[in-house]
Amino acid sequence: MKQRKIEDILDSVDRLPTLPTIYTKLTNLLQSPNATVKMISNVISEDQAIAVKVLKLVNSAFYSLPQKIGSLKHAIVISGSNQIRNLVLVASTIERFKELNSDSSFNMQRFWEHSIGCAVAARVLAETAYLKNPDDVFTGGLLHDIGKLVHAVYLNEEFTTIIADVNESGLPVIEAERKMLGCDHTYTGRVLATKWNLSQGTVDMIEHHHLSDPSAELTKEIAAVHIGNILCIALDLGSGGEKKVAVAQMKAWKILDIELNNLETIVERIGRLFKESVVILES
Ligand SMILES: [Fe+2]
Ligand SMILES: [Fe+2]
């Protein structure tokens with residue numbers, strides 16, 4: 001098969017999905033110091049599918065709230081506006097890509113389970129390492145492989161070959177992608193995240209979660225997504241198409257400064273939270 005230049009495809013950015021307008025509206029609104037809970041709630045309510053998902057996320061295991069939150073306004077007060085914006089992003093992305101189909105051998109349900117697994121694992125690691133922003137790390141974990149989704153949907157034929165190659169040769173997905181496309185999903189993910197105007201921290205987690213560029217700065221957030229990704233592959237939480245479990249790089253453990261004898265507790269917590277969290281995939 002002739003190699004296609006991914007740059008050409010990415011240049012036609014019109015083909016890449018846009019985020020629902022409510023995310024952009026919300027971002028603009030939150031820049032205003034006069035934004036009220038009512039105004040934020042009104043914007044989110046414009047898209048009922050997203051509003052319902054946001055409530056589901058707030059009521060999911062991440063918050064361990066003592067009682068169920070029934071209204072958006074209550075959810076905004078409890079979570080704060082930055083976290084609500086993250087939740088709208090997560091809900092919008094799931095909704096956006098749900099409409100799109102990949103008829104390749106790539107299993108979308110398993111892909112989203114892998115994404116949630118990584119989000120949960122990265123968040124648990126971020127909390128264990130006392131990072132300031134575990135919610136942002138959760139979002140980075142959820143979106144880390146978004147480039148694969150672009151490949152699966154827009155480069156369907158090539159991606160089917162890539163996955164077949166991975167299954168046959170045991171190569172990591174990024175290497176099979178580079179062989180076939182000349183770039184991998186971290187590149188495509190960065191392009192999409194930049195197009196969506198996501199925060200630099202989120203773009204970095206997406207672009208560097210495989211730590212494949214030794215010259216890139218390693219942050220604790222990237223380290224959490226790197227290890228979170230590998231842990232959820234090892235624990236078989238969903239699937240991002242990998243055949244083999246990679247080894248988490250030691251420098252990622254070092255920067256997080258997590259005692260390795262805490263691993264058993266971490267893994268147990270990830271497994272439990274994952275089970276309670278996949279419900280957000282139900283429509
Ligand atoms: Fe990846
Ligand atoms: Fe992954």
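Guide: Before we look at any helix pair, one term is needed: a crossing is left-handed if the near helix is turned anticlockwise from the far one by less than a right angle, and right-handed if it is turned clockwise. Please also keep in mind that this is a predicted model.

Visitor: OK, so which hand does the crossing of α8 and α13 have?

Guide: The crossing of α8 and α13 is right-handed, and the axes of these helices come within 9 Å and cross at roughly 40 degrees. The two helices are therefore oblique to each other.

Visitor: Which residues make that contact?

Guide: On the α8 side they are Asp136, Thr139, Gly140 and Leu143, while α13 contributes Gly201, Thr202, Met205 and Ile206. Sorted by class, the residues of this contact are 3 nonpolar, 4 polar and 1 charged.

Visitor: Why is α13 described as largely enclosed?

Guide: Helix α13 covers residues 200–208, and 7 of its 9 residues are buried, so it is largely enclosed by the rest of the structure. The buried ones are Thr202, Val203, Asp204, Met205, Ile206, Glu207 and His208.

Visitor: And what do those buried residues pack against?

Guide: The buried residues of α13 pack against four helices, namely α8 (134–143), α9 (146–154), α12 (185–195) and α14 (220–234).

Visitor: Back to α8 then: at what angle does it pack with α6?

Guide: Helices α6 and α8 pack at an angle of about 10 degrees, with their axes 10 Å apart, and they are therefore roughly parallel to each other. In this contact Gln83, Asn86, Leu89, Val90 and Thr93 of α6 meet Asp135, Asp136, Thr139, Leu142 and Leu143 of α8. By class, that gives 4 nonpolar, 4 polar and 2 charged residues.

Visitor: How do α5 and α6 cross?

Guide: The axes of α5 (residues 72–79) and α6 (residues 81–98) come within 6 Å and cross at roughly 120 degrees, which makes α5 oblique to α6. The crossing of α5 and α6 is right-handed. Here Ala75, Ile76 and Ser79 of α5 meet Ser81, Gln83, Ile84 and Leu87 of α6, and by class this contact has 4 nonpolar, 3 polar and no charged residues.

Visitor: New topic, loops. What's the phi of Leu211?

Guide: The phi of Leu211 is near 50 degrees, which is a positive value in a residue other than glycine. Leu211 has its place in the loop between α13 and α14, and it counts as partly exposed because it has 19 C-beta neighbours inside 10 Å, where a buried residue needs 20 or more.

Visitor: What about Asp257, is that one buried or exposed?

Guide: Asp257 is exposed, with 11 other C-beta atoms within 10 Å. It is found in the loop between α15 (250–256) and α16 (263–277), and although Asp257 is not a glycine, it has a positive phi of about 55 degrees.

Visitor: Last thing: which element has the lowest mean pLDDT, and which the highest?

Guide: Among the elements of the protein, helix α1 (residues 6–11) has the lowest mean pLDDT, 63, and α14 has the highest, 97. For the protein as a whole, the mean pLDDT is 87, and 90% of the residues reach 70 or more. Where pLDDT is low, the predicted coordinates should not be read in detail.

Terms used: Residues are numbered from 1 along each chain as its sequence is written. Chains are lettered from A and ligands numbered from 1 in the order in which they are written. This is a predicted model: local features need pLDDT of at least 70, side-chain atom pairs count only at pLDDT 80 or more; totals for chains, interfaces and linings use all residues. Axes are lines fitted to C-alpha atoms, for helices over the stretch in contact, and angles run from 0 to 180 degrees between N-to-C directions. Angles under 35 degrees count as roughly parallel, over 145 as roughly antiparallel, 65 to 115 as roughly perpendicular and the rest as oblique. Two residues are in contact if their C-beta atoms, placed from the backbone, lie within 7 Å. Ala, Val, Leu, Ile, Met, Phe, Trp, Tyr, Cys and Pro count as nonpolar, Asp, Glu, Lys and Arg as charged, and the others, Gly among them, as polar. A residue is buried if 20 or more other C-beta atoms lie within 10 Å of its own, exposed if 12 or fewer, and partly exposed in between; C-beta atoms are placed from the backbone. pLDDT is the predictor's confidence in each residue, from 0 to 100.
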